[in-house]
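Here is a short briefing for a first look at this structure. Keep the model open as you read.

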Amino acid sequence: MLPLLVNYSTKIFISDLCELLEKYLDTSQIKEVYRAYLFSAEAHDGQVRKSGEAYIFHPVSATYILAEMHSDTQTLCAAMLHDVIEDTGITKEKLEAEFGKQVAELVDGVSKLSTIEFRTREHAQAENFRKMLLAMNRDIRVIIVKLADRLHNMRTLGAMRPAARQRIAKETLEIYAPIANRLGINIIQSELEELSFATLYPKRYKILAYRMQKIYNQRSETFNAIKISIEKQLAKYTFNAKVYKRKRNPYRIYFNMCNKKKSSLPNKTFLQLMNICALRIIVDNKADCYLALCAVHSLYKPMFECFKDYIAIPKSNGYQSIHTLLFSSHGMLIETQIRTIEMHKLSETGITTYGLEHFSNENDYQNPSYQRASEWLRELLEIRANDSIEFLEHVKTDLFPEEVYVFTPKGEIMQILKDATAIDFAYAIHTDVGNKCVSAKIDGQYVPLSTQLSSGQTVEVFTAKWARPNPSWLNFAVSAKARSNIRHFLKNLQHDEAIRLGKHMLDKELIAYSLHVDTFNEEQITSLLKIFKCNSMEILLAEIGFGNCMALIVARQFDPTPSLPTETGKPKPLIIKSTENIVVNFASCCHPIPGDDIIGFISAGKGIVIHIASCKQVIQYKVEKLQAIEWEVGIEGEFLVDIQIEVNDQQGVLANVATCITNMKSNIEHVANENNDGRSILKFCISVKNRHHLATIMRHVRRLSSVTRIHRSRG
Ligand code: MN
């Protein structure tokens with residue numbers, strides 16, 4: 001393995017662990033962990049790791065990692081036993097009998113997590129993510145044990161084959177380090193990052209680590225001088241403050257060098273990044289944080305854009321601190337974090353500390369990281385994404401957030417994602433607010449719902465009882481919550497539309513029997529549902545609407561002597577209201593537009609497909625599958641239509657025609673070009689409002705000098 005900046009690979013013995021446990025656990029608790037050790041050692045007896053050492057060193061080391069963060073007894077026992085189910089064939093029931101239900105559940109959860117690999121295609125990954133979240137949701141400590149397990153595996157990665165090393169390091173960097181970050185476990189996150197980075201890019205890591213060490217040695221005098229000057233300044237005040245030099249994470253330096261956009265620092269070259277003295281000031285209480293801030297700001301001038309108060313507005317993982325970047329008199333920047341001891345502990349070990357024994361009683365539990373983590377998990381699991389890739393997108397935006405803070409009119413702070421819009425804000429307040437949202441104001445000015453928000457704005461949204469989600473919102477909503485709710489609503493809408501359509505189609509067929517869906521009696525409904533194996537009339541109507549069930553056949557159930565029904569009354573045609581009606585499809589062979597005579601074809605699974613009445617396709621269809629249809633008067637929307645234009649092949653002709661079309665407020669969806677003896681045929685697919693609109697466009701195009709012929713193509 002490479003020489004790391006920090007030595008992570010000391011061998012841990014059970015005696016080391018017990019010594020550490022004595023610092024914060026009582027004797028009976030230590031005995032319990034020791035009992036788990038004996039059990040695990042016996043179970044793994046005879047097994048060796050790839051490195052050649054006895055297997056038990058691995059669980060002991062994983063447990064030690066968690067003990068360093070003062071985890072509770074159950075978590076420690078679970079860490080000690082984490083590979084027992086998977087590798088030794090000891091059952092969950094046996095563990096439960098020995099160590100209780102919670103420990104057994106934890107070990108079982110970790111075993112389940114271990115079978116999940118994130119290297120496969122995106123689709124499989126998403127499923128794995130969902131499985132992982134479900135495992136975590138049973139008891140969030142599952143992921144804590146898993147992180148410690150992964151950390152020790154990363155520390156001892158050298159024994160693995162190169163290909164396995166790469167795969168594990170990549171998975172660690174992309175999945176586990178961000179999760180550690182999201183749970184606020186900084187210690188694990190930064191070590192995982194450094195180890196993965198060193199494995200994935202050994203040369204880059206080596207050079208970077210070497211140069212960091214060198215620069216650090218060169219500047220240690222300056223660093224000390226700065227530290228002393230700040231200590232002296234703080235001593236003038238009457239509160240306790242300790243100043244520490246901070247370790248720099250080489251992966252973070254590398255990350256900031258590569259990701260210029262994401263870095264919050266103004267300078268991005270290696271030397272500029274290293275021209276920073278990283279300090280941390282730790283004080284007793286919150287008020288002192290601001291006094292310390294006052295002290296350092298009166299000594300060195302702060303860089304205005306780099307000041308962040310995460311005490312007033314904590315990060316989403318619960319992280320709190322004041323960040324300020326100062327200009328020192330030594331030509332160096334001083335990156336300062338000011339925080340209390342509690343804030344520090346929380347930022348290092350996040351949800352792992354504060355005795356998770358209180359786990360069963362959530363009300364007693366005061367660790368804010370834990371509460372935020374549970375909330376985050378719950379929200380992720382509530383996402384109603386049907387599609388795995390969509391779900392993965394949600395998880396990814398939530399795992400790698402760039403946050404923006406805005407205010408409600410009452411002055412409450414809302415945290416939203418970068419690029420989030422007013423509609424995201426509405427959904428962030430409440431699902432109902434999002435669903436009924438009609439307009440928004442930013443800092444008192446009305447703005448479109450698609451307006452992107454930026455930090456510090458006051459945002460107000462207005463709702464109306466009649467309002468409902470608009471499909472177009474999906475074009476600009478970015479948050480998982482907003483997107484999944486809009487999608488969910490549209491899916492329901494589709495169902496409602498199918499019912500409406502199904503009812504209409506069935507009513508049309510029922511005319512022959514002088515019946516109506518609305519006037520069916522109990523008996524008629526029961527017999528229909530039985531014959532067609534549906535649980536409710538709504539489902540049956542939707543099935544008809546979606547084209548999975550024929551209205552004619554359903555209606556014939558009321559005819560004792562099946563024969564073609566004679567028309568006793570002319571059925572009303574179905575009215576097509578707009579392109580947003582989802583179970584209605586427009587045939588791509590003839591592209592009907594408002595004003596055309598149309599006819600519907602009922603297609604299984606697709607609902608109704610609309611053709612121009614004279615379309616060649618329609619002739620092939622069975623009469624009973626056709627449906628009379630009319631456009632709604634004054635129908636609005638955009639409809640696609642194909643046109644063919646013959647032109648003399650001269651330069652710029654395509655551009656001229658395209659400009660002419662777009663000038664007529666039509667969008668070009670598609671264009672193809674066919675050449676034929678110096679003459680070209682341009683095939684356009686354009687959007688129009690109706691026949692009149694199309695006629696106007698064609699008239700204008702025909703006037704162009706290079707155009708010899710133009711006509712609409714109908715399949
Ligand atoms: Mn393991």
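The notes below go topic by topic. This is a predicted model. It holds a manganese ion with four named protein donors: His-58, His-82, Asp-83 and Asp-149. A buried aspartate without a salt bridge, Asp-424, is another point to visit. The whole structure also has 3 cavities of 30 Å³ or more.

**Manganese site**

- Two histidines, His-58 and His-82, each offer their NE2 atom to the manganese ion.
- Asp-83 and Asp-149 each bind through OD.
- The protein donors lie 2.2 to 2.3 Å from the manganese ion.
- Along the chain, the donors follow the spacing H-x23-H-D-x65-D.
- His-82 and Asp-83 are both buried.

**A buried charge**

- Asp-424 sits in helix H19, which covers residues 422-429.
- Asp-424 is buried, yet it forms no salt bridge.
- The nearest side chain of opposite charge belongs to Arg-483, 7.2 Å away.
- A salt bridge needs a side-chain nitrogen of Lys or Arg within 4 Å of a carboxyl oxygen, so Arg-483 at 7.2 Å does not make one with Asp-424.
- Beyond its neighbours within four places in sequence, Asp-424 is in contact with Phe-476, Ala-477, Val-478, Ser-479 and Ala-482.

**Cavities**

- The search of the whole structure used a threshold of 30 Å³ or more and found 3 cavities.
- The largest cavity holds about 80 Å³ of space.
- Its lining includes the charged residues Lys-245, Arg-246 and Arg-248.
- Also in the lining of the largest cavity are Ile-215, Tyr-216, Phe-223, Met-274, Ile-276, Cys-277 and Ala-278.
- Helix H12 (202-235) and strand E2 (276-283) each give at least two residues to this lining.

**Positive phi in loops**

- Most residues other than glycine have a negative phi.
- Ser-514 is not a glycine, yet its phi is positive, at about 50°.
- Ser-514 lies in the loop between helix H21 (480-510) and helix H22 (522-531).
- Is Ser-514 buried or exposed? Ser-514 counts as exposed because its relative accessibility is 65%, and the cut-off for exposed is over 50%.
- Lys-665, also not a glycine, has a positive phi of about 60°.
- The loop that holds Lys-665 runs between helix H26 (653-663) and strand E18 (668-676).
- With 67% relative accessibility, Lys-665 counts as exposed.

Technical notes. Residues are numbered from 1 along each chain as its sequence is written. This is a predicted model: local features need pLDDT of at least 70, side-chain atom pairs count only at pLDDT 80 or more; totals for chains, interfaces and linings use all residues. Side-chain values use heavy atoms; hydrogens and water are left out. Donors are N, O and S atoms within 2.8 Å of the metal (3.2 Å for Na, K and Ca); water is not among the atoms, so sites may look incomplete. Buried means under 20% relative accessible area, exposed over 50%, partly exposed in between (1.4 Å probe, protein chains only). Helices (H or I, at least four residues) and strands (E, at least two) are DSSP runs, numbered from the N terminus. Lys and Arg count as positive and Asp and Glu as negative; His and the chain ends are not counted. Contact means heavy atoms within 4.5 Å. On a 1 Å grid over the protein atoms alone, a cavity is a set of points where a 1.4 Å probe fits but cannot get out, and a pocket is an open set with protein on both sides within 12 Å along at least five of seven lines; lining residues have an atom within 4 Å of a point. Grid points are joined across faces, edges and corners, and a volume is the space filled by probe spheres set on the points.
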